[in-house]
Amino acid sequence: MSTERIRNFCIIAHIDHGKSTLADRLLEKTHTITSREFRHQMLDDMDLERERGITIKASAVALKLVRNGQEYNLNLIDTPGHVDFSYEVSRSLGACEGALLLVDASQGVEAQTVANAYLAMEHNLAIIPVISKIDLPQSRPYDVLTEMEKTLGISPEEAFMVSAKTGAGIDEIFDAIIKHIPPPKDSSDAPLKALIFDSVYDEYRGVIIYLRIFDGSVKVGDEIYMMKTNRSFKVEEVGVFKPKMVAKDGLSAGEVGYCIANIKSIRDIKVGDTVTHARERAAEALPGYRPPIPMVYCGIYPANNADFHPLREALERLSLNDSSFTFEPETSQALGFGFRCGFLGLLHMEIVQERLERESNINIVQTAPNVTYEILKINKEIVKVDNPEKVPPVNEIEEFREPIVRASFVLPTEYLGAIMQLAEARRGNYKGTEYLSEKRAILTYELPLSEIIFDFFDKMKSATRGYGTLDYDFIGYEHADLVKLDILVSGKRVDALSTIVHRKDADMKGRKLVKKLKNEISRHLFEVVLQAAIGSRIIARESIRPIAKNVTAKCYGGDITRKRKLLEKQKEGKKRMKSVGNVEIPQKAFLSVLSVDE
Amino acid sequence: MTSKKHILPTALYIHIPFCAKKCNYCDFNSMVSESRVVDRYLHALSKELNTLESQYTFTTIYIGGGTPSLLSAIQLEGLLRGVIRYNPTSQTQEYTVEANPGTLTADKVRLLKEYAVNRVSLGIQSFQDRQLQFLGRIHSGDDARNAFSLLRNAGFKNINIDLIFGCPEQTPDDWKKDLEIAIALNPEHISTYALTYEEETPLTRDLKNEVIRKLDEYTELEMYKTAIEYLTLKGYNHYEISNFAKSGYECSHNYVYWRNTSYVGVGAGAHSFIDGMRMSNEKDVFRYIHGMHENKKDVKSFRECLPQDHFVSETVIMALRLRQGITNTDFYERFGSTIQDQFGDTISILRKAGLVSYDDERLKLTEKGLFVADTVMAEFIYI
Ligand SMILES: Nc1nc2c(ncn2[C@@H]2O[C@H](COP(=O)(O)OP(=O)(O)OP(=O)(O)O)[C@@H](O)[C@H]2O)c(=O)[nH]1
Ligand code: SF4
Ligand SMILES: [Mg+2]
């Protein structure tokens, strides 16, 4: 098939602006799914996505569209809007020639609208601006047009208006896709060059790779070769997403689909790698993807030490489907053998942890997250610290450096003061204000990553009554006056509870943290003493009084089963805890550090 | 490990699920009903009694509730007559009926005596009217004293008094006074229960709405210690977590539960343990009546064949309630292995912590272990 009638595009936007719902309408209007199969946000097929009502994974789907008697093949990729999943967006962009940029008519341009639009521009994609949700009574599409022009240089004439709820404007979108998005270049005769933009592990079929074919073609029986991992495989099946996998004889230049090739080892595959033919190889690989830089790290340990190997397998399997988190084995005195994992943000961390538990049935204990620090040692050596445990002794440190981000807030002007106050309190450095209109502005600050990544988002949301949005980019490391804060439980330092904090906050945080821990750790038969320390200096102390009386007087008549059940429950609760010395520490306690400001 | 064959149950429990008024703290299976319902219930109950295997003879019988003394004299007599066939020659060693001071009358006392009841358990809870009101009891402190004399004068030689401690705002002095009044009456047996906050009781609702505040744990512990010290001083043997008795008056019926041996329960919600099988009857009074009237053989709502490991751990847990604990010989006779074999690791940890003592003869709680008995017992659970 000639590429003339293929269009590859993704839908990008700020979170909740209606991408998946628009995708629903596109699927429906092209009869890709029957009304019986339909459910809302059809492409959000993961349980977690449906439970949380957000898109976590980008999903591809092939649509057939008939226009002026011609049949077109449209490949759509719905992307997530949350900042933590922006790597999904950039990978999707790499597989497309165009993007629908959605802006919610009632919300206007927001932080990830700008960020994602720039990403699409960097990829040289044709952008179709779309104002969504015009059916909403509080929609203000014309203000939004002005905002788009001001921030993104998009002229109001280019934009389309739709309601994915009523279906208004959808037909015009199809026309625009065909008209404005260029067909992929026709190079079916060249040697195969296909980008692995995603993958997933299937228990029966092994690794399934998701491909965008740039040059050449691939069919069942072909011997393919992975240019980075240097592995060859024989193709068993290729096909497209409708949105379920549907097999085809082959895929050729311009198309998006999947490939199954009896790939059993997860390590043989790398997202971003180029697939070519084993015999007739492409001269050079596609540029692929720059691996994302993790923003936060935390330790993930099996609650039961025997689950270390199953946990490793689960992490490997998950990493196939989410190439944006990293993991390295580590050990902790308190928690035993586990992994230090890197994530793009806190939501990402939460999602990975939940997927791990659901997809593998392993109980996990997670430590408090931290950002990566850089330490210049006296001997001029620079070490990266992704775990507070790795901070060298104080006398070897010349300089402590922390990651700094450029943060842009898009918000109604009436909240500028509130956000500035918040940013200053978090050691922010004001960079400027840009007005989108009289009522809305973009405020830019440089801030330590550690100050915004944990609880800042909620604070910003409440300071702006939900109207403020935030995007940030890592810009580099800067010197800061930091110290390591240790926690001692009954005199023993618990490595998994150490954190790195700014010296000026250390006393306050130490005090709050031990208070918090006091509430998280239940009473024991003996007194439990909690202390916070910097080096050898104790800065805070709390103690948990021992259980004095815990005895049920009543004998419940002959209902001994009830008594047993009560005791069973008591014992069951202990299973998710880690015992450090004699003290049982529940999973929640390790995360206490996260919310010491409350 | 094998267990010895189960012997026939020797204890009979009969449940009367009616009260004049629900007390504020109560989550027992009982309700307020009109006399007509009570009649129908007693009828159903007599049917269930009739289905019991005729070879049963019981060494202990216990009629509890609810409030058995709430029954009218006629109803009570009917019930006692139905039970007498399981105690034809009055050889039942211990035959207890629970009574509420607010509903016990001279003619009911006479009936109890006439039908060979030889032990009465009086739900007194406190002698102080303020406390009684707080608990939502229907009687006064004077009623309690009078009921006790009524029983004594009718010739009852084995009387138990139930007392509750640990109410909000109750002081250790208040509690001591209750104990002193109880001692002055000279009962053979005293049970002291710490007030507990059960789900869906008015008391717990008040607690949640912050109308009342729990007494702090340390004061409660002090009260418990006072009871132990004082009652022991006055010649009562502290033989179980909440129970005190003059020598020879320990409650034989409850021993059956504590030793985890077989018993039969009849009436709504009553539990039985027969041939290694735990069962309980339908709890709802109306469904119970209905079920019995449909000529079903029984109205069980729960049955569980107790797995051996649960049985072993329950046995130890229940036995730990007794101050004498469980002996190695007894354990070996029942399970064919030693306590050490079964629970060696657990015991060694608990021993180091000073919570249990274990020697050639027996395993039991230390005094320190007694106060945190539930925490200790949980360690003997298999999961
Ligand atoms: N009134 C109205 N509501 C809409 C429209 N489109 C989407 N919504 C609602 O907006 C919310 C978010 O829609 P989604 O389609 O999940 O948004 P999304 O952009 O895919 O969100 P993420 O993938 O999590 O970034 C849902 O409650 C939708 O029902 C529309 O055209 N009109
Ligand atoms: S008398 Fe006993 S059973 Fe009846 S309501 Fe009061 S506490 Fe409950
Ligand atoms: Mg979505």
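Two residues are in contact if their C-beta atoms, placed from the backbone, lie within 7 Å. With that in hand, let us walk through this predicted model, starting with a pair of helices in chain A.

**A helix pair in chain A**

Helix H7 (residues 308-321) and helix H8 (residues 346-360) of chain A pack with their axes 10 Å apart, at an angle of about 115°. The crossing of H7(A) past H8(A) is right-handed. On the H7(A) side, Pro310(A), Ala314(A) and Leu318(A) take part, and they meet Val352(A), Arg355(A), Leu356(A), Glu359(A) and Ser360(A) from H8(A). By character, the residues of this contact are five nonpolar, one polar and two charged.

**Around ligand 1**

Next comes ligand 1, which has 21 residues around it. The closest are Gly18(A), Ser20(A), Ile54(A), Thr55(A) and Gly81(A). Which helix gives the most to this shell? That is helix H1 (residues 19-29) of chain A, with three residues. Sorted by type, the shell holds six nonpolar, 10 polar and five charged residues.

**Annotated residues in chain A**

An unreviewed UniProt entry carries the annotation "binding site" for a set of chain A residues, including His17(A), Gly18(A), Ser20(A), Ser132(A) and Lys133(A). Two of the annotated residues, His17(A) and Lys133(A), deserve a closer look.

His17(A) sits in the loop between strand E1 (6-13) and H1 of chain A. Setting aside residues up to four places away in sequence, His17(A) touches Gly81(A), Leu102(A), Val103(A), Asp104(A), Gln107(A) and Ser132(A).

Lys133(A) belongs to the loop between strand E5 (126-132) and helix H5 (141-152) of chain A. Beyond its neighbours within four places in sequence, Lys133(A) is in contact with Gly18(A), Asp104(A), Ala105(A), Ser106(A), Ser139(A) and Ser163(A). Asp104(A) thus appears among the contacts of His17(A) and also among those of Lys133(A).

**Buried or exposed?**

For a contrast, here is a residue of chain B: Glu229(B), found in helix H8 (residues 217-233) of that chain. The table sets out the C-beta counts.

| Residue | Other C-beta atoms within 10 Å | State |
|---|---|---|
| His17(A) | 27 atoms | buried |
| Lys133(A) | 25 atoms | buried |
| Glu229(B) | 12 atoms | exposed |

Why is Glu229(B) called exposed? Because 12 other C-beta atoms lie within 10 Å of Glu229(B), and a residue counts as exposed at 12 or fewer. His17(A) is buried because 27 such atoms lie within 10 Å, where the cut-off is 20 or more.

Finally, Glu229(B) and Gly269(B) are separated by 40 residues in sequence, and their C-alpha atoms lie 36 Å apart in space.

Definitions and conventions:
Residues numbered from 1 in each chain as written. Chains lettered and ligands numbered in written order. Predicted model: local features only at pLDDT ≥ 70, side-chain atom pairs only at ≥ 80, totals over all residues. Near = placed C-beta within 6 Å. Helix = DSSP H or I, 4+ residues; strand = E, 2+ residues; numbered from the N terminus. Nonpolar A, V, L, I, M, F, W, Y, C, P; charged D, E, K, R; others polar. UniProt positions renumbered as here; feature names shortened; annotations may be inferred. Axes fitted to C-alpha atoms, helices over the stretch in contact; angles between N-to-C directions. Left-handed = near helix turned anticlockwise from the far one by under 90°.
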